[in-house]
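Work through the exercises below with the model open. Each task is followed by its solution.

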Amino acid sequence: MLNATQRIFASVLFFLLVSAMITGGALARLNGPSAVGIDGVRIFSRGIPISDGQFSAQTGNSFHLSELSGSWSLLFFGYTYCPDVCPMTLANLSRTWKRLPLDVQAQFNVVLVSVDPERDSPASMAPYMGYFNPSFMALTGNPAALKTLATEVNAFFARVERDGDLAYLMDHSANIVLIDPAGQYRGYIEPPLDPQRLTGVMQQLVSMPR
């Protein structure tokens with residue numbers, strides 16, 4: 001039985017599908033895709049291509065963003081030294097993951113993109129991600145690719161220096177970026193990122209036509 005949020009979101013997705021079928025090529029002539037949003041979730045009428053940046057995964061292996069194709073991907077910008085937002089977000093994503101049926105899990109990637117490659121090495125990110133959920137992935141190691149990706153998905157990050165001997169912090173976006181199975185930027189989810197809400201969103205995403 002769908003709750004109220006899930007029913008509303010399902011209606012939004014249906015509207016997008018019908019709109020795409022009716023307007024067809026008209027959308028393609030727009031400067032950018034139209035978007036429909038409800039409850040802090042924005043879904044674009046069509047995907048926006050992103051560059052195939054190369055990073056290092058927490059396994060130490062090289063990883064290209066194109067390897068995310070074939071599944072929906074939830075990208076979160078953060079870093080291991082983050083004092084609050086990042087661990088809270090990863091904990092909520094892990095709680096959400098455990099609520100999903102295995103067949104739905106199989107259609108998603110959950111990826112932390114480090115905004116602090118200076119300190120976040122694959123060796124340090126592996127145990128960090130394992131603590132939250134070993135099914136999740138982390139990417140780091142390429143400042144140029146990070147900057148390009150953040151620009152293309154309207155995310156931000158900035159180094160914040162602190163007085164004295166205190167280590168610097170990183171200010172960054174808190175939204176979850178949605179990458180569709182075609183490997184294109186398709187929307188975002190705004191906080192709060194509570195598990196019940198995220199579960200409904202993810203279950204509706206997998207029902208969207210590819």
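**Exercise 1.** Decide whether Tyr131 is buried or exposed, then do the same for Phe132.

Solution. Start with the cut-offs: buried means under 20% relative accessible area, exposed over 50%, and partly exposed in between (1.4 Å probe, protein chains only). Tyr131 has a relative accessible area of 68%, so Tyr131 is exposed. Phe132 has 13%, so Phe132 is buried.

This is a predicted model; local features need pLDDT of at least 70, side-chain atom pairs count only at pLDDT 80 or more, and totals for chains, interfaces and linings use all residues. Residues are numbered from 1 along each chain as its sequence is written, and side-chain values use heavy atoms, with hydrogens and water left out.

**Exercise 2.** Classify the ring pair Trp97 and Phe136, then locate both residues.

Solution. Take the rule: rings of Phe, Tyr and Trp (its six-membered ring) pair if their centres lie within 6.5 Å; planes under 30 degrees apart count as stacked, over 60 as edge-to-face and the rest as tilted. The structure holds five aromatic pairs. In this one, the centres of Trp97 and Phe136 are 5.7 Å apart and the planes stand at 90 degrees, so the pair is edge-to-face. Trp97 lies in helix α3 (residues 85-99), Phe136 in the loop between α5 (122-132) and β7 (137-140), so the pair ties together parts 39 residues apart in sequence. Helices (H or I, at least four residues) and strands (E, at least two) are DSSP runs, numbered from the N terminus. Both Trp97 and Phe136 are buried.

**Exercise 3.** Classify the pair Tyr131 and Phe132.

Solution. The ring centres of Tyr131 and Phe132 are 5.1 Å apart, with planes at 85 degrees, so this pair is edge-to-face.
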